Amino acid sequence: MSETTTGLIGEFIAAAAVLSQTGWAYAPAQQDKIDGVAISKTNNEVYLCQVKTSSLRSDKSGRTPGYHFQLTSGSHKALPNNTKEHCDYDILVLCAAQQRSCLFYHISQIRQFTKRLPPGAFTPEFESESFVRAVEIAREMRR
């Protein structure tokens, strides 16, 4: 499967994950660094989302299979911008393609270039909890 196809699958899974949260809508947004927009139906808050998708990978060294995410973007592989003046996006969505599940992180939580997660990290409870937490941090950052 091509990287483009895998990425598109992840974007649709991320949309479904946001839509499953009570009181939230989602709209795709095909722009650099922005894959979608999460919109609160109660107060019209808008959060820009970047989706990273991974397929389950086996490790030849005997490590447990897991999902490996590249958290940087662009050819220079830099961490996302997160300053008062400019923020690349609000929420990073890590999507486990085979499990059709996501974890959400506020951009301020991204401090490393890659992230490896076990399949057990992707549960409906963690998906919902991580979404709520990412939105809470985003709200605090905007105050």
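Author: Welcome! A residue is called exposed when its relative accessible area is over 50%, and buried when that area is under 20%. The model here is a predicted one.

Reader: Thanks! Which label, buried or exposed, goes to Glu140 and Arg143?

Author: Both Glu140 and Arg143 are exposed.

Reader: What makes Glu140 and Arg143 a salt bridge?

Author: The closest N and O atoms of Glu140 and Arg143 are 3.1 Å apart. The cut-off is a side-chain nitrogen of Lys or Arg within 4 Å of a carboxyl oxygen of Asp or Glu, so a salt bridge is the right name for this pair.

Reader: How many salt bridges are there in the whole structure?

Author: A search of the whole structure turns up five. Another of them joins the side chains of Asp88 and Lys33, at 3.4 Å from N to O. That pair links distant parts of the chain, 55 residues apart. Asp88 sits in the loop between strand 4 (67–70) and strand 5 (91–96), while Lys33 sits in the loop between strand 1 (24–31) and strand 2 (34–40).

Reader: Why is Asp88 called buried, and why is Lys33 called partly exposed?

Author: Asp88 has a relative accessible area of 8%; buried means under 20%, so Asp88 is buried. Lys33 has 33% relative accessibility, which falls between the 20% and 50% limits, so Lys33 counts as partly exposed.

Reader: How do you know that Arg142 and Asp90 form a salt bridge?

Author: Their closest N and O atoms are 3.2 Å apart, and the limit is 4 Å, so the pair qualifies. Arg142 belongs to helix 2 (residues 124–142) and Asp90 to the loop between strand 4 and strand 5, so this salt bridge ties together parts that are 52 residues apart in sequence. With a relative accessible area of 12%, Asp90 is buried, whereas Arg142, at 46% relative accessibility, is partly exposed.

Reader: Let me turn to the cysteines. How many disulfides are there?

Author: The count is zero. A disulfide is a covalent bond between the sulfur atoms of two cysteines.

Reader: Why is Cys95 in no disulfide?

Author: The nearest cysteine sulfur to that of Cys95 belongs to Cys102, 4.1 Å away. The rule asks for sulfur atoms within 2.5 Å, so Cys95 is in no disulfide. Cys49 is in none either: its nearest cysteine sulfur, that of Cys102, is 9.9 Å away.

Reader: What makes Cys49 and Cys95 buried?

Author: The relative accessible area of Cys49 is 1%, under the 20% limit, so Cys49 is buried. Cys95 has a relative accessible area of 0%, so Cys95 is buried by that rule too.

Terms used: Residues numbered from 1 in each chain as written. Predicted model: local features only at pLDDT ≥ 70, side-chain atom pairs only at ≥ 80, totals over all residues. Heavy atoms only, no water. Helix = DSSP H or I, 4+ residues; strand = E, 2+ residues; numbered from the N terminus. Buried < 20%, exposed > 50% of the residue type's maximum accessible area, 1.4 Å probe, protein only.
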